[in-house]
Amino acid sequence: MGCMNEGTNEDVCSVCGYDKKSKNPDDCLPVKYILSSKYIIGACLSKNSESITYMGFDCERNKAVSIKEYFPLNVAVRNPDKTVSVVNGKDFAYNEGLMEFLELNGKLKTVEAPALVPIFAVFEENGTAYSVSSVVNGITLTDFLERNGGKLRWE
């Protein structure tokens, strides 16, 4: 669930270190949750003020994907049935952000550029929206800087 590589019977994945006993935070979708009848939710990779990004698996393409869920901080709440509701009085902010998320990801889905991660799908479900893209292996700029003494050489 951490890297979506071939399964083993190990409690801790030898590829990514994901522990089978791990759970996603309460405000996230749970591991093994199915979206759109074809995407399996894996580990929560990151959360920011706009969205939650999960490792996922596309059952139709038979490959690992990245799934981004529109879930704005302090505006959206996760219900027990895993749907998303809006905090009282925040409807306008939520809906405006949802439309922006759908519009931006819809446009990015049509663009082919080497610098952009391809988006395969954009859809609404559970009272929110999702975008599905390729998994890009690498590290963040912050991690790179930490590993290199906090400096970025011109080269």
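# A walk through the structure, starting at its largest pocket

The lining of the largest pocket is made up of 16 nonpolar, 10 polar and 4 charged residues. Keep in mind as you look around that this is a predicted model. The pocket holds about 790 Å³ of space. Of the 30 residues that line the largest pocket, L45, S66, S134, V135 and V136 are the closest to its centre. Several elements contribute to this lining: β3, β4, α1, β8 (128-134) and α2 (141-147) each supply at least two residues. As for how such a space is found, rolling a probe the size of a water molecule over the atoms shows where empty space is left.

Some of those lining elements also belong to a sheet, so let us turn to that next. Strands of a sheet pair through backbone hydrogen bonds, either parallel or antiparallel. Here, 6 strands form an open sheet with antiparallel pairing, in the order β1-β2-β3-β4-β8-β7. Which strands stand at the edges? They are β1 and β7 (119-125), and because each has a single partner strand, one side of each is left without a neighbour in the sheet. Further in, β3 and β4 pair in the antiparallel sense over 8 bridges. To find one of these pairings on the model, start at I52 and look across to E69 in β4, its bridge partner.

The loop between β3 (51-58) and β4 (63-70) is worth a stop, as N62 lies there. Most residues other than glycine have a negative phi, and most peptide bonds are trans. N62, however, has a positive phi, near 55 degrees. Is this residue buried or exposed? With a relative accessibility of 59%, N62 counts as exposed, because the cut-off for that word is over 50%. A second residue with a positive phi is K82, where the angle is near 75 degrees. K82 sits in the loop between β5 (76-78) and β6 (84-86). Its relative accessible area is 24%, so K82 is partly exposed.

Now for the charged side chains. Side chains of opposite charge can pair when their charged atoms come close. How many salt bridges does the structure hold? There are 5, and three of them make good stops on this tour.

One joins the side chains of D27 and K47, at 2.9 Å from N to O. D27 lies in the segment before β1 (34-35) and K47 in strand β2 (residues 39-47), so the pair ties together parts that are 20 residues apart in sequence. Both ends are partly exposed, D27 with a relative accessible area of 26% and K47 at 43%.

Another salt bridge brings us back to the loop of N62. K38 pairs with E60, their closest N and O atoms being 3.4 Å apart. This pair links distant parts of the chain, with K38 in the loop between β1 and β2 and E60 in the loop between β3 and β4, 22 residues apart. K38 is partly exposed, with a relative accessible area of 21%, whereas E60 counts as exposed at 61% relative accessibility.

The last stop is on a helix, where the side chains of K107 and E103 meet in a salt bridge of 3.1 Å, N to O. Both residues lie in helix α1 (residues 91-110), 4 residues apart, which is about one turn of the helix. E103 counts as partly exposed, at 47% relative accessibility. Helix α1 also takes us back to where we began, since α1 supplies at least two residues of the lining of the largest pocket.

Key:
Residues numbered from 1 in each chain as written. Predicted model: local features only at pLDDT ≥ 70, side-chain atom pairs only at ≥ 80, totals over all residues. Heavy atoms only, no water. Buried < 20%, exposed > 50% of the residue type's maximum accessible area, 1.4 Å probe, protein only. Salt bridge = Lys/Arg side-chain N within 4 Å of Asp/Glu carboxyl O. 1 Å grid on protein atoms, 1.4 Å probe; cavity = no way out; pocket = protein on both sides within 12 Å on 5 of 7 lines; lining within 4 Å. Points joined across faces, edges and corners; volume = space filled by probe spheres on them. Nonpolar A, V, L, I, M, F, W, Y, C, P; charged D, E, K, R; others polar. Pairing = 2+ DSSP bridges.
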